[in-house]
Amino acid sequence: MTDVRGAGPAGSTEVGAGWGWIMAYGIVSVLLGILAFAAPFAATFAATVVIGIFFFVSGAFAIAAALFGRGSAHRGYTILFGALSVIVGLIMVLEPATGALSLTLLVAVWLGVRGVLELVYGFRLKRRRGMLIALGIINVLLALFILATVPFSALTLPGYILGISFIFGGITSITAAADHRKGASAFAVPG
């Protein structure tokens with residue numbers, strides 16, 4: 001026997017059940033995002049330390065896999081990669097300002113390279129050329145701005161990026177919870 005709404009067998013969980021948890025998650029995410037904007041230095045250091053822990057753990061597991069794994073043809077590479085990850089992780093955890101500077105410089109390089117590529121392809125396109133050229137100019141200018149404002153940007157940019165991610169992720173969860181409450185499947189992909 002199937003539920004009237006097609007949610008599954010009678011007595012199973014309804015489609016809208018649990019929407020409150022999704023809503024709460026969304027609200028907490030938005031609040032954390034606002035806090036990251038209010039205290040970008042603290043958010044930057046927290047993000048840097050967490051990323052450093054991930055690097056450290058990943059490196060430790062890579063070394064363990066190389067030492068204790070059987071039949072690896074790339075054992076030396078894996079040990080070197082693991083050691084590098086452990087060192088980078090330790091630097092990020094023990095010296096978060098240095099880690100934040102590295103992350104910020106990577107973002108600046110990424111924006112610069114992306115902007116140049118968008119400009120090159122923008123001038124080659126026939127349709128939508130203006131939008132791609134404008135995006136390329138914006139990304140190059142952002143990269144230059146970040147580089148011109150180091151070290152201040154290094155101490156705030158990762159925090160702002162974290163804040164943006166939390167705010168938009170929270171808004172997405174809040175809207176999904178509202179839809180789920182009305183009977184739609186949570187986080188459904190439109191068909």
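**Exercise 1. Place Ala-47 in this predicted model, and decide whether Ala-47 is buried or exposed.**

Solution. Start with the secondary structure: Ala-47 sits in helix α2, which covers residues 40–68. Next, look at accessibility. Residues under 20% relative accessible area are called buried. Ala-47 has a relative accessibility of 14%, so it counts as buried. Finally, check a partner from further along the chain: Gly-99 lies 52 residues away in sequence, and the C-alpha atoms of the two are 9.7 Å apart.

**Exercise 2. Work out which face of helix α3 is buried and what covers it.**

Solution. Begin with the helix itself. Helix α3 takes in residues 75–94, 20 residues in total, and spans 28 Å between its first and last C-alpha, close to the expected 28 Å. Now pick out its buried residues: Thr-78, Gly-82, Ser-85, Val-86, Gly-89 and Met-92. Viewed down the axis of α3, the buried residues fall within an arc of 130°, so they line one face of the helix. Turn to the face pointing away from that buried side, and you will find the exposed residues Tyr-77, Leu-80, Leu-84 and Leu-94. As for the cover over the buried residues of α3, it includes α2 and α4 (96–124).

**Exercise 3. Describe the chain as a whole.**

Solution. Count the elements: there are six helices and zero strands. Then consider burial: of the 191 residues, 27% are buried. For contacts between residues at least 6 apart in sequence, 70% link residues at least 24 apart. Last comes the surface: the chain exposes about 12400 Å², with 76% of that supplied by carbon and sulfur atoms.

Conventions:
Residues numbered from 1 in each chain as written. Predicted model: local features only at pLDDT ≥ 70, side-chain atom pairs only at ≥ 80, totals over all residues. Heavy atoms only, no water. Helix = DSSP H or I, 4+ residues; strand = E, 2+ residues; numbered from the N terminus. Buried < 20%, exposed > 50% of the residue type's maximum accessible area, 1.4 Å probe, protein only. Expected span 1.5 Å × (residues − 1). Arc of directions from axis to C-beta. Contact = heavy atoms within 4.5 Å. Areas by Shrake-Rupley, 256 points an atom, 1.4 Å probe, with all protein chains shown as cover.
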